[in-house]
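Visitor: I'm new to this structure and would like to learn how to read it. Could you walk me through a few features?

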Amino acid sequence: MMTTVSLANAQRKISFEISFKEPQAHYVEVRMELSGFKGKTLDLKMPVWAPGSYLIREFPKNVESFSAETESKKMLAAHKIDKNTWRIETDNEDRIIVNYRVYAFEISVRTSFVDNSHAFLSPTGIFMYVDGFIKQPVEVKIDLYPGWTKISTGLDAVVEKPNTFYASDFDILFDSPIEVGNQDVFEFMAAGVKHEVAMVGEGNYDKERLKEDMAKIIEDETQVFGVNPNKRYVFIVHNYATGGGGLEHLNSTVLGASRFNYQNQNGYLGFLGLVAHEYFHVWNIKRLRPEALGPFNYSEENYTTNLWISEGFTAYYDNLMLRRGGFYNESAYLKILTTDIESVENRAGNLVQPLSLSSFDAWIRQYRPDENSINTMVSYYNKGALIGMLIDLKTLHATKGAKGLDDIMKAMYDEYYQRLGRGFTDQEFKQMVQKVAGVSIDDIYEYVNEAKPINYNIYLNNVGLELVNQLEGRSIPEFGARIVNHKIMSVNRGSGAWVAGVNVNDELIAVNGYRIDDLGKELDRILASSNVGDKLRVLVARDGIIKELDVVLSASEKAAYIIRPLSTVTPEQDKLRKIWLSLESF
């Protein structure tokens, strides 16, 4: 049962009616009614990006057939004045009706999609707001297409108005995705909050198992902050042949899943990890946030250097929560950590782009990777997660196990969301960490603000563990390019292929006179019988022109890590490890 509210009369009013005349053609019909806005002109704006996904996506490109009229059907002149603003010549008319259509045919958690089976409405790409009145209350009515029976959204239902919903302002509306169709809906209680799961599309999921496991994750995450701020929460899950990804919202989330992966153990744990990640955002970013991320400017980039906290720490907690819940044992969890470490340290861009800049440049780089991204950038997700681990381990050691990252996150939430009601600065976050831990974290901030490899063992040793590179001391020849079906997809900085001028999009034909097969096994054979410093004669086709290049094999700098116990572990180190990994026997 949805929460209901009564609409108070207001001088200005905005309402929408959403319908689907041609869902098979992927269109949303939008009727917008406005009253009480005086003046000769009225400017309507549509956001160009979706909060939580830091890329200008130019949603207005999908709008067509924009028109405006009076209540008496008198057409009003309207034209665009910039890429996301429509100006209506209202001539002081009190009640205006606007109609437009939105093309919706992009499958992702952040974009709208409509076909004859269902409609997913990502609000920033559907709804317009009156410029200067982002805080105006709004209601939305959904006209169900014939055969569709259900609406799933975090918005509150309006009393005595079927299929009509209310938002106290457009920030709330833009943060409330809407699913319309025949989704399979089930509910459960967790942390005193009613949770609704809307499964879109078929899948081999077990509802009872999901209820139990999702509730466990939610309870554990609520314990970190001590309070769950929601009255109701909605999971919208899109099941596709191959799906993934998620996008957080204030009291809901949208998840992508592979429909027949729920009975596969790795696939199921991957889905639970996604649930844990997006739900942790209930606190970390939707409420506890960097100062730049709210109130939002929906027309341009909103820059912050702190996504390594908001996204990176959330990426740290998603797997840690699965460890705390018993979904991963200690060995499996440590293996996940080594995978993250390899992803960061084996990437040349880790020594080029500082973590703080990775956050700041998210708008132009994170969602627009190219063939050279591996050489120029690092992800604030996995490196941010590792910084979270370092802070957790250092705090545990400094406080003899009394406090950890949980305490830091709770202190930040209590101070900046609950008490001050604003975002935090980078300096304020650092100060809080040092206040809780009681020690300086300048050493860790060097890894945030400088592009340098991390000395993990300084921190892992505190809990009786060490990171070991199993390839250390070995001289392994490396060609230095990623190849798919003969095509060069990327070239590693400093490798033999890089120095010799092998280009992305080159077609690899032969090496040392031997034709390369589709799977690249012939190249593997040649590399296996070669040494560092050997010269390979490489034949490629570039733009239809045959070229022969001499590639001198370089030594691979890739590492293969394990995390293992120190040869001698003190009782204090053993105790801290058990606290960190939530092991019971201490």
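Visitor: Let's start with empty space inside the protein. What volume does the largest cavity have?

Guide: Here's the general idea: a probe the size of a water molecule, rolled over the atoms, shows where empty space is left. This is a predicted model, and in it the largest cavity has a volume of about 40 Å³. Searching the whole structure turns up two cavities of 30 Å³ or more.

Visitor: Which residues line the largest cavity?

Guide: Look for A315, Y316, N319, Y333, I336, L337, D340 and A385. By class, that lining divides into six nonpolar residues, one polar and one charged.

Visitor: Which helices each supply at least two residues of that lining?

Guide: Those are α4 (307–324) and α5 (330–345). The largest share, four residues, comes from α5.

Visitor: And what lines the second largest cavity?

Guide: Its lining is made of A50, P51, S122, P123, T124, F174, D175 and H249. Four of these residues are nonpolar, three polar and one charged. The space in this second cavity is about 40 Å³.

Visitor: Back to α5, then. How far does α5 reach from its first C-alpha to its last?

Guide: A handy check is to compare a helix's reach with the span expected at 1.5 Å a residue. With 16 residues, α5 reaches 22 Å, close to the 22 Å expected.

Visitor: Which residues of α5 are buried?

Guide: The buried ones are Y333, L334, I336, L337, T338, D340, I341, V344 and E345. Y333, I336, L337 and D340 also appear in the lining of the largest cavity. As for neighbours, the buried residues of α5 pack against α4, α8, β23 (465–469), β32 (561–565) and α15 (571–580).

Visitor: Let me try another helix, α10. What does α10 pack against?

Guide: Its buried residues pack against α4, α8 (382–398), α9 (405–419) and α11 (442–449). Those buried residues are E428, F429, K430, M432, V433, V436 and A437. The helix itself covers residues 426–437, and its 12 residues reach 17 Å, close to the 16 Å expected.

Visitor: What follows α10?

Guide: G438 does, and its phi is positive, near 75 degrees.

Visitor: Now for the strands. In what order do the strands of the open sheet run?

Guide: Generally, strands of a sheet pair through backbone hydrogen bonds, either parallel or antiparallel. The open sheet here has four strands in the order β10-β11-β17-β14, with antiparallel pairing. Its edge strands are β10 (113–114) and β14 (150–153), each pairing on one side only.

Visitor: How many bridges join β14 to β17?

Guide: Four bridges join β14 to β17 (residues 178–181), and the two run antiparallel. To find one of the facing pairs, pick out S152, whose bridge partner in β17 is E179.

Visitor: Which strands does β16 pair with?

Guide: One partner is β13 (residues 138–142), which pairs with β16 (residues 164–167) in the antiparallel sense over four bridges. There, K141 stands opposite T164. Another partner is β15 (residues 156–158), again antiparallel, this time over two bridges. In that pairing, D156 has Y166 as its bridge partner.

Visitor: How many residues lie between the strands in the hairpin of β15 and β16?

Guide: Five, and one residue to look for in this hairpin is E160, which takes a positive phi near 60 degrees.

Methods
Residues are numbered from 1 along each chain as its sequence is written. This is a predicted model: local features need pLDDT of at least 70, side-chain atom pairs count only at pLDDT 80 or more; totals for chains, interfaces and linings use all residues. Side-chain values use heavy atoms; hydrogens and water are left out. Two strands pair if DSSP finds at least two bridges between them. On a 1 Å grid over the protein atoms alone, a cavity is a set of points where a 1.4 Å probe fits but cannot get out, and a pocket is an open set with protein on both sides within 12 Å along at least five of seven lines; lining residues have an atom within 4 Å of a point. Grid points are joined across faces, edges and corners, and a volume is the space filled by probe spheres set on the points. Ala, Val, Leu, Ile, Met, Phe, Trp, Tyr, Cys and Pro count as nonpolar, Asp, Glu, Lys and Arg as charged, and the others, Gly among them, as polar. The expected span of a helix is 1.5 Å times one less than its number of residues. Buried means under 20% relative accessible area, exposed over 50%, partly exposed in between (1.4 Å probe, protein chains only). Contact means heavy atoms within 4.5 Å.
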